[in-house]
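Look at the model shown here, and keep the sequence beside it. The paragraphs after it go from the whole chain to single residues.

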Amino acid sequence: MDESKYQRIWQTVLQIPAGKVASYGQIADLAGLPGRARLVGKALGKAPPELEVPWFRVLRSNRSLAFTPGSEVAELQRQSLLAEGVLVKNNRAPQQDVWQPDLAELLFKLNY
DNA sequence: CCATTGACTTTAC
DNA sequence: AGTAAAGCCAATG
């Protein structure tokens with residue numbers, strides 16, 4: 001199985017700073033995989049724990065959590081975000097906490 | 001192969 | 001602002 005796409009996705013998500021969030025589509029774009037938002041979710045589900053990929057910083061395009069509200073994993077995500085200052089209210093994160101990366105710096109770090 | 005399935009997005013009410 | 005429908009595309013059976 002070709003994991004290179006997953007690796008790129010994981011590396012991209014690792015660039016999201018604490019206290020910031022990004023959308024699945026945004027990560028796909030930044031990872032050089034436009035149109036593959038759904039693949040990002042898949043990749044996050046398969047991320048090796050030792051990589052410590054901050055999966056909880058990835059939300060839908062409207063900044064809502066992707067999991068069923070009230071579910072255990074949704075709670076974990078909400079808590080994790082709260083712990084770094086992102087206040088999720090009504091299942092939504094504030095617009096002000098959306099990550100806006102410096103593209104030149106990001107591309108340099110990812111070495112694409 | 002064809003069909004179904006999503007940690008999704010966009011558009012149109 | 002919230003919802004529904006359609007579009008999307010790799011993975012899976």
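Two residues are in contact when heavy atoms of theirs lie within 4.5 Å. With that cut-off, Tyr-112 touches Arg-8, Thr-12, Leu-30, Ala-31 and Leu-107, once residues up to four places away in sequence are set aside. The model is a predicted one, and Tyr-112 sits in its segment after helix H5. This tyrosine is partly exposed, because its relative accessible area is 45% and that class lies between the limits of 20% and 50%. A residue can also be far away in space despite a modest separation in sequence: Pro-94 is 18 residues from Tyr-112 along the chain, yet their C-alpha atoms are 30 Å apart.

Now take the chain as a whole. Chain A contains 5 helices and 2 strands. Read from the N terminus, their order is α-β-α-α-β-α-α. The radius of gyration of chain A is 13 Å, close to the 13 Å given by the globule rule for 112 residues, so the chain is as compact as a globular protein of that length. Along the principal axes, the C-alpha atoms fill a box of roughly 35 × 30 × 25 Å.

How much of chain A is buried? Buried residues account for 37% of the 112 residues. The chain exposes about 6700 Å², and carbon and sulfur atoms supply 52% of that area. Of the contacts between residues at least 6 apart in sequence, 65% join residues at least 24 apart. Chain A also carries 14 positive and 11 negative charges, and the mean positions of the two sets are 8 Å apart.

Start the walk along the chain at helix H1, which covers residues 4-13 and includes Tyr-6. Is Tyr-6 buried or exposed? Tyr-6 counts as buried because its relative accessibility is 12%, and the limit for that class is under 20%. Beyond its neighbours within four places in sequence, Tyr-6 is in contact with Leu-39, Lys-42, Ala-43 and Lys-46. Of these, Leu-39 and Lys-42 have numbers that fall within helix H3 (37-45). Gln-96, by comparison, is 90 residues from Tyr-6 in sequence and 28 Å from it in space, C-alpha to C-alpha.

Strand E1 consists of residues 22-23, and Ser-23 belongs to it. At 13% relative accessibility, Ser-23 counts as buried. Setting aside residues up to four places away in sequence, Ser-23 touches Val-58, Leu-59, Arg-60 and Ser-61. Strand E2 is made of residues 58-59, and the contacts of Ser-23 include Val-58 and Leu-59.

The loop between H3 and E2 holds Leu-51 and Glu-52. Leu-51 is partly exposed, with a relative accessible area of 30%. Apart from residues up to four places away in sequence, Leu-51 touches Trp-10 and Leu-14. The C-alpha atoms of Leu-51 and Leu-14 are separated by 8.7 Å, although the two residues are 37 apart along the chain. Glu-52 is exposed, with a relative accessible area of 63%.

What is notable about the backbone of Glu-52 is its phi, a positive value near 55 degrees in a residue other than glycine. Most residues other than glycine have a negative phi. Asn-90 likewise has a positive phi near 55 degrees. Asn-90 lies in the loop between H4 and H5, and it counts as exposed at 70% relative accessibility.

Between strand E2 and helix H4 (72-83) there is a loop that contains Phe-67. Phe-67 is partly exposed, its relative accessible area being 32%. Which residues does Phe-67 contact, leaving aside its neighbours within four places in sequence? They are Trp-55, Val-73, Ala-74 and Gln-77. Gln-77 is 10 residues from Phe-67 along the chain, with 9.0 Å between their C-alpha atoms.

The last helix in the walk is H5, residues 103-110. Asp-102 caps its N-terminal end: a side-chain oxygen of Asp-102 lies 3.0 Å from the backbone nitrogen of Ala-104. Just after H5 comes Asn-111, with a positive phi of about 60 degrees. The segment after H5 also holds Tyr-112, where this account began.

Notes:
Residues numbered from 1 in each chain as written. Chains lettered and ligands numbered in written order. Predicted model: local features only at pLDDT ≥ 70, side-chain atom pairs only at ≥ 80, totals over all residues. Heavy atoms only, no water. Helix = DSSP H or I, 4+ residues; strand = E, 2+ residues; numbered from the N terminus. Rg over C-alpha atoms; globule rule 2.2 N^0.38 Å. Buried < 20%, exposed > 50% of the residue type's maximum accessible area, 1.4 Å probe, protein only. Areas by Shrake-Rupley, 256 points an atom, 1.4 Å probe, with all protein chains shown as cover. Lys, Arg positive; Asp, Glu negative; His and termini not counted. Charge placed at Lys NZ, Arg CZ, Asp CG, Glu CD. Polar contact = N/O pair within 3.5 Å; in protein donor to acceptor, adjacent residues only side chain to side chain.
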